[in-house]
Amino acid sequence: MQPLTPKRLAWICGSLAAVLLIVVIVSLKVGAVPISVIDLVSSLGRVAIGRSAQLPSEYSLIVFEIRLPRILLGILVGAALSVAGAGFQALLRNPLADPYVLGVSSGAALGAIISLIVASRASFAMPLAAFAGALATIAGVYFLGRRGGQLDSHILLLAGIITASFLSALIMFLMTTLSGGELRGIAFWLMGDLTSTKTPVGLGWLFTVLLLAIGAIYTTAADLNLLLSGEQEAMHLGVDVPRVKLVVYVSASLLTGLAVSVSGAIGYVGLLVPHVMRLLFGSDHRLLIPTTALGGAITIVVADTLARTIVSPTELPVGAMTAMAGAPVFIYLLRRRLQ
Amino acid sequence: MSDVTLNSNAASFAAVPAAPAEMRLSIEQASYAYSAGDRAAPLFTLEATSLHARRQELVAIVGPNASGKSTLLRLISGALRPLSGRVQLDGFEVSALDPRTRARRIAVVQQESPLLFPTRVAEYVLQGRHPYGQTLRFETPEDLTIAEQALAQVGAAHLRGRWMHQISGGEKQKVVLARALAQQPLLLLLDEPTLHLDIGAQVDLLQQLRRLAESHGYTIVVVTHELNLAAEFADQVALLHRGKCLRFGTPAEVYRRELLEQVFGAALEVEPGPAGRPRVTPLARREKFSL
């Protein structure tokens, strides 16, 4: 028998972190203004040890003021959405669950827009409202997705998709109350967009919340493995089921709210990334949660780099990139399940 | 004054004579009722039931469909809390134990355990070590040894590298049992473990349970439809009918022709077998076919 050891976990996560670093450096380099890799790495190194960058000031501006914040946001959003997806998949025992498909992202977006209209000055209001919207939506979809007291995976998906379209209609309605300039910004943001590096609260705060929420989900990783075979089974094997459900639902909603409040609704990452990680490393959540976080970060940074380079000098919203890749995968997985 | 007498009355009433000390599992007048809502009339009621089991004993719960067998098993497993009465394991109320402690003392083999993602047999058996681990529960060498032994005990060591969804029904039943053994429980509960097995595998499984009870001191409770297997292998049988435990005793005490015919609504013949283990044969109504 070859079980998961801390050593194997460290190796795999270390390798993925290295891949992420390489992706970040490449993403810093490419773009409308090319910058040499050597200059980049030495500058990054100098900044990391607390000295000023070696790059000429205009490059420095591009790298550290424009590209780097955007990459950091991408890491944040990718990790948050992917781990939220993995959490929902385990709790709902549905490999097709994802914050976007379940309507949770739309709920978070609606919360965020309401907070923009009602209290546009309070910087903490938007992420909190997004979190509240996410939590309320997953609670609603959970109850809609039940049949005879049991969670039905297909009804659940339908309930999520219908809820998402209903919430989108509400969002449209609210948007008509906004002025033209704001409208374009919000429309772009809704598609999933990382261009607005002006976050409602500091990046430090966002990353702290991200790590806390992922950490909370990670403490239940071994329990999630057992929950995959049903709540009864898990309970007989010693899992405190109500506690695990509470921790994971709240944390996954928090992650979704966090991601949506900075980048709008980026779809299918939470579906695609856990699935690929499961194919690569198996379905043990003790490995799946951290690899999914890193994989999500890698995916969004790559997708965003493509989004801002393939139609350069204009840009695509990154949500359009992930939907183009994710929707066909969703259909494929659904068809395979039905067969 | 009247309050005092009432209280003392209640106290003496509550002091049901304690079960003998060597009893491992003791169920005293436990009842349960399912209902659609808090105020709705109950849809199903399990009336006050009492039964006891010692170390090394194998108890079978038999009865027709919807007679309350599974409800009784869920009460014993602690998944349900009795509305009245007590369900105790070594003197502890099982539904009051926290899930981890309970999983170290009681292992449950359910009818179906669907898997969402492919799992290897070895990983599956290791799940039985979950209640013994720390937060992240990286398996210790001891966990691995215990899981290996559990697989070996059910004669399935050769399956360890296989996928759960690629082994046969009989093999799967063994692996599920191995996972329960890896929990190192005092009490082993099985809900219709023979359901999808052929007769050879059925006998195999019950023989195995018998041996395990004797060698490891488990107390085993099996819910089954197989009257003859129950008679052959169980020390005690509980016969349930419409939410009532009609009899609890040795197979010879419980298997009475009139009683079984009435409960199962079929013509039966009950013959006394060797060592007080009766045999039940259904009597087909032959008139139609006789020439």
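User: What makes Ser31(B) and Ser84(B) in S4(B) a facing pair?

Analyst: Happy to start there! Ser31(B) stands opposite Ser84(B) in S4(B). Strand S1 (residues 23–35) of chain B and strand S4 (residues 84–89) of chain B are joined in the antiparallel sense over 5 bridges. Pairing takes at least two DSSP bridges between two strands, so S1 and S4 of chain B, with 5 bridges, count as paired. Strands here are DSSP runs (E, at least two residues), while helices are runs of H or I of at least four, numbered from the N terminus. This is a predicted model, where local features need pLDDT of at least 70 and side-chain atom pairs count only at pLDDT 80 or more, while totals for chains, interfaces and linings use all residues. Residues are numbered from 1 along each chain as its sequence is written, and chains are lettered from A and ligands numbered from 1 in the order in which they are written.

User: Why are S2 and S5 of chain B said to stand at the edges?

Analyst: The open sheet runs S2-S1-S4-S5 in chain B, with antiparallel pairing. Strand S2 (42–54) and strand S5 (92–93) of chain B each have a single partner strand, so one side of each lacks a neighbour in the sheet.

User: How do you know that helix H2 of chain B packs on the sheet?

Analyst: Contact means C-beta atoms, placed from the backbone, within 7 Å. Helix H2 (residues 69–77) of chain B touches S1, S2 and S4 of chain B.

User: What makes the span of H6(A) close to the expected one?

Analyst: The expected span is 1.5 Å times one less than the number of residues. Helix H6 (residues 153–175) of chain A has 23 residues and reaches 33 Å from its first C-alpha to its last, against 33 Å expected.

Key:
Contact = placed C-beta atoms within 7 Å. Axes fitted to C-alpha atoms, helices over the stretch in contact; angles between N-to-C directions.
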